[in-house]
Amino acid sequence: MRCIIVEDQPPAQRILEKFIKDVNSLELVGVFSDGLQALEFLKSEQVDLMFLDIHLPKINGIDFLKSIQDPPNVILTTAFSEYALEGYDLNVVDYLLKPFSFQRFLQAVNKLDNKKEHPDLKNNGITPNPINEIYVKSSHEHIKVAVDDILTISSDSDYTEIRLEHRKILSNEPLRHWVTVLGPPQFFQVHKSHIINTKKIDRISGNLVYLTNGAKIPIGRAYKENFLNSIL
């Protein structure tokens, strides 16, 4: 699968180059420091996957992506979580929040199988792996949690609270971590402090989401349009 990197920071370029090199099914065919260079390349070359930074010189990654008439599959890479919903609205494959691990990189590449069959991925040891369980780091423990059991994830000062049907877990990870790991279509950030599991929605009324356990979660004004457009 032919891929390119559009990233202006050399350290980030090198990390992506190494990760791509370690996956036999990925072939790196170009590295570009801004979108205009990449656009010229895309006019004449076939590209299957683009790793795209958002904060780029000349034109940012979101505007660059919007300008491409027939874009390849895109995995966004950025140090800022506030663009996650806009990225998913543009139908990107995944949203990698820097710094990300090789395991998280593979998870993003695996998601390509949900959009289009890529037999080479399966032949090189990367098989589709939908997330059914996660390990939540809580203090000095890693607690296994079934994804479908999660009701909400809420931020509270320096930690996040993962609420299940009959218990809650305090996580050391910030909310933006869970935005990246558990994204749409099942999980949506509906407020600056709350992510919800859409499978647990009972009803939506005004600016409130009512969950099956009776909880009421506010919908933030900045999140409402994307959230409602995605589920209704």
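A residue counts as buried when its relative accessible area is under 20%. Keep that cut-off in mind as you open this predicted model: of the 232 residues of the protein chain, 47% count as buried.

**Stop 1: the whole chain**

Show the whole chain as a cartoon. You have nine helices and 15 strands to look at. Among contacts between residues at least 6 apart in sequence, 50% join residues at least 24 apart.

Now colour by pLDDT. The mean for the protein chain is 83, and 88% of the residues reach 70 or more. Select residues 116–129 next: here pLDDT stays under 50, and the model has 22 contacts beyond four places in sequence for this stretch. Where pLDDT is low, the predicted coordinates should not be read in detail.

**Stop 2: the parallel sheet**

Select β1 to β5. In what order do the strands of this open sheet lie? Reading across, you get β2-β1-β3-β4-β5, five strands with parallel pairing. The edges belong to β2 and β5 (94–97); each has a single partner strand, so one side of each is left without a neighbour in the sheet. Neighbouring strands here are turned by 20° against each other on average, direction ignored. Add helix α2 (residues 35–44) to the view: α2 packs on the sheet and touches β1, β2 and β3. The direction of α2 makes about 160° with that of β1.

**Stop 3: strand β1 and its partners**

Zoom in on β1 (residues 2–6). This strand is mostly covered, with four of its five residues buried. On one pairing, β1 meets β2 (residues 27–32) in the parallel sense over five bridges. To get from β1 to β2 the chain passes through helix α1 (residues 10–21), and this β-α-β crossover is right-handed. On another pairing, β1 and β3 run parallel and are joined by four bridges.

Click on Val 6, and look for the residues standing opposite. In β2 you'll find Phe 32, and in β3 you'll find Leu 52. Then click on Ile 4, which stands opposite Met 50 in β3.

While you have strands on screen, try showing their side chains. In a regular strand the side chains alternate between the two faces of the sheet.

**Stop 4: Arg 14 on helix α1**

Select Arg 14, which is found in helix α1. Is Arg 14 buried or exposed? Its relative accessible area is 53%, so Arg 14 is exposed. For a distance to try in your viewer, go from the C-alpha of Arg 14 to that of Val 31: these two are 17 residues apart in sequence and 10.0 Å apart in space.

**Stop 5: Asp 53**

Go back to the parallel sheet and select Asp 53, which is in strand β3 (residues 49–53). An unreviewed UniProt entry annotates Asp 53 as "modified residue: 4-aspartylphosphate". With a relative accessible area of 3%, Asp 53 is buried. Which residues does Asp 53 touch, not counting those up to four places away in sequence? Highlight Val 6, Glu 7, Asp 8, Gly 61, Thr 77, Thr 78 and Lys 98. You've already met Val 6, the residue opposite Leu 52 in β3.

**Stop 6: the antiparallel sheet**

Move on to β8 to β12. Here is another open sheet of five strands, this one in the order β10-β9-β8-β12-β11 and with antiparallel pairing. At the edges stand β10 (168–171) and β11 (187–191); each has a single partner strand, so one side of each is left without a neighbour in the sheet. The average turn between neighbouring strands of this sheet is 20°, direction ignored.

Pick out β8 (residues 150–156) and β12 (residues 194–197), which pair in the antiparallel sense over three bridges. Click on Ser 154 and find His 194 opposite, in β12. Then bring in helix α9 (residues 221–231), which packs on the sheet and touches β11 and β12. The direction of α9 makes about 150° with that of β11.

**Stop 7: Ile 231**

Finish by selecting Ile 231 in helix α9. Its relative accessible area is 29%, so Ile 231 is partly exposed. Not counting residues up to four places away in sequence, Ile 231 touches Phe 188, Thr 198, Ile 201 and Ile 204. Take the C-alpha to C-alpha distance from Ile 231 to Phe 188: the two are 43 residues apart in sequence and 9.7 Å apart in space.

Terms used: Residues numbered from 1 in each chain as written. Predicted model: local features only at pLDDT ≥ 70, side-chain atom pairs only at ≥ 80, totals over all residues. Heavy atoms only, no water. UniProt positions renumbered as here; feature names shortened; annotations may be inferred. Helix = DSSP H or I, 4+ residues; strand = E, 2+ residues; numbered from the N terminus. Buried < 20%, exposed > 50% of the residue type's maximum accessible area, 1.4 Å probe, protein only. Contact = heavy atoms within 4.5 Å. Pairing = 2+ DSSP bridges. Axes fitted to C-alpha atoms, helices over the stretch in contact; angles between N-to-C directions. Right-handed = clockwise from strand over helix to strand, strands pointing away. pLDDT = per-residue confidence, 0-100.
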